[in-house]
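Here are two exercises to work through at your own pace. Keep the sequence and the 3D view open as you go.

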Amino acid sequence: MAVTVACYGCGASYALPRQRCDCGEPLWVDGPAGDRWPASSDRGLWRYADWLPVARPTDGVLPTAGGTPLFRAPSLDDYAGCRVSVKDETANPTGTFKDRGSAVGVAWAAGHGFDRVGTVSHGNMATSMAAAAAATGLDCLVLVPDDIPEARLAHVAQFSPRIVRVDGDYGRLYDETLALGPELGVHFVNSDAPLRVAGQGTVAIEIAEAGAGAVPDAVVLPLSSGGNASGVWKALRELRAAGLVGALPRLYLVQAAVAAPVAEAYRAGRDRVTPVEPADTVAYSIGNADPPSGNRALAAARATDGGVLAVSDEAMLEARAELARAAGLSVEPASAATLAGTRALTRRGELAADDEVVLVATGTGFREPPSLDADVETVPLGSLREALRDGRSG
Ligand SMILES: *Cc1c(COP(=O)(O)O)cnc(C)c1O
Ligand SMILES: [Zn+2]
């Protein structure tokens, strides 16, 4: 079955594996879209088979992506300034929402005669794709920038993909793969590939189904390529078209202040994103000076009456510590941008104290723990009783 992909901007449509419109914008899968909540008792993202252009894989890890917890976290309300719930995407097989998109992309490739998949990534997506390929018995090609830290490579390498460091412009590398993939017979599932966007959109269907169609006032996501925001927006549009939800939640997208091209375009009232100078941030996963789906993410924020904002590295680190201390949740700094951004939005009155806000915890903190910032006391066993009775000395 050929999968139709369409342009959100000009409406043109094509067939997969095409990924870009003639107008330059990224494409997304056009239908299928379910018109009722699924009856199946499947828990993962494949529960939403009606929304997906690929059948559920039967074995291995792929069927386990998605189906993540959504919970109220009242202990964060004061800090955030509103009523907080968390959609815990760290519960995915490799600890990020990327597994939703990788599962759908890899399942499609496996079902369409590809024996190789690939991705351009320096982080979580590389790990996720390599794991999904390993689970399916496909070869995986991971293209990384040549300055990638060793520790990051180790996470990816454990799943045995072919890893190639590429010396050159990272944004251009992404575009190269759109041409190279079909030529080499490698199905690339990059950050805003249509199948990835379709798979990642299931997070929004889960949030809507959990409320039986009653959606929160706002959903807050960290923003890098714009692939995830695109998937959430697409799914919400489909849910509304099917009458499964009424008004859409406002989508708020949060970037790292050092490189925030989409937030800048939003603030300036433009509808096109201009690339900015790359800069280092503690939020490695959202350091993106030239997002391939930037215009589409901007359109998502505008169309839902949400917004795009930027937060500082300090604010993300503080919010990350708050998520751990107050809610028992470990996320990477990029993920904590949601709590930092929500706090900023309530302070400027864009979100109200009684607004129901879902923060998407996009990635686990266990891959990048914060440095030790606590006094840990040492006591001799012989004086343990005494020390514990005295309470903490440290
Ligand atoms: C990839 C990633 C993001 C950004 O998602 P995009 O789809 O690129 O906008 C945010 N947080 C984490 C943890 C990620 O891995
Ligand atoms: Zn177009």
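The exercises below deal with a sheet and its helices, then with a ligand.

This is a predicted model, in which local features need pLDDT of at least 70, side-chain atom pairs count only at pLDDT 80 or more, and totals for chains, interfaces and linings use all residues. Residues are numbered from 1 along each chain as its sequence is written, chains are lettered from A and ligands numbered from 1 in the order in which they are written, and side-chain values use heavy atoms, with hydrogens and water left out.

**Exercise 1.** Work out the strand order of the open sheet, then find a helix that packs on it.

*Solution.*
1. The 4 strands run β8-β7-β6-β9, with parallel pairing; strands are DSSP runs of E, at least two residues, and helices runs of H or I, at least four, numbered from the N terminus. Two strands pair if DSSP finds at least two bridges between them.
2. At the edges are β8 (162–166) and β9 (187–188), each pairing on one side only.
3. Strand β6 (residues 116–120) is joined to β9 by 2 bridges.
4. Now add helix α5 (residues 170–184), which packs on the sheet and touches β6, β7, β8 and β9. Contact here means heavy atoms within 4.5 Å.

**Exercise 2.** Trace polar contacts of ligand 1, meaning here pairs of N or O atoms within 3.5 Å.

*Solution.*
1. Start with the backbone: an N or O atom of Asn228 lies 2.8 Å from a ligand oxygen atom, and one of Gly227 lies 3.4 Å from a ligand oxygen atom.
2. Turn to a side chain: a polar atom of Thr362 lies 2.9 Å from a nitrogen atom of ligand 1.

Conventions. Axes fitted to C-alpha atoms, helices over the stretch in contact; angles between N-to-C directions. Polar contact = N/O pair within 3.5 Å; in protein donor to acceptor, adjacent residues only side chain to side chain.
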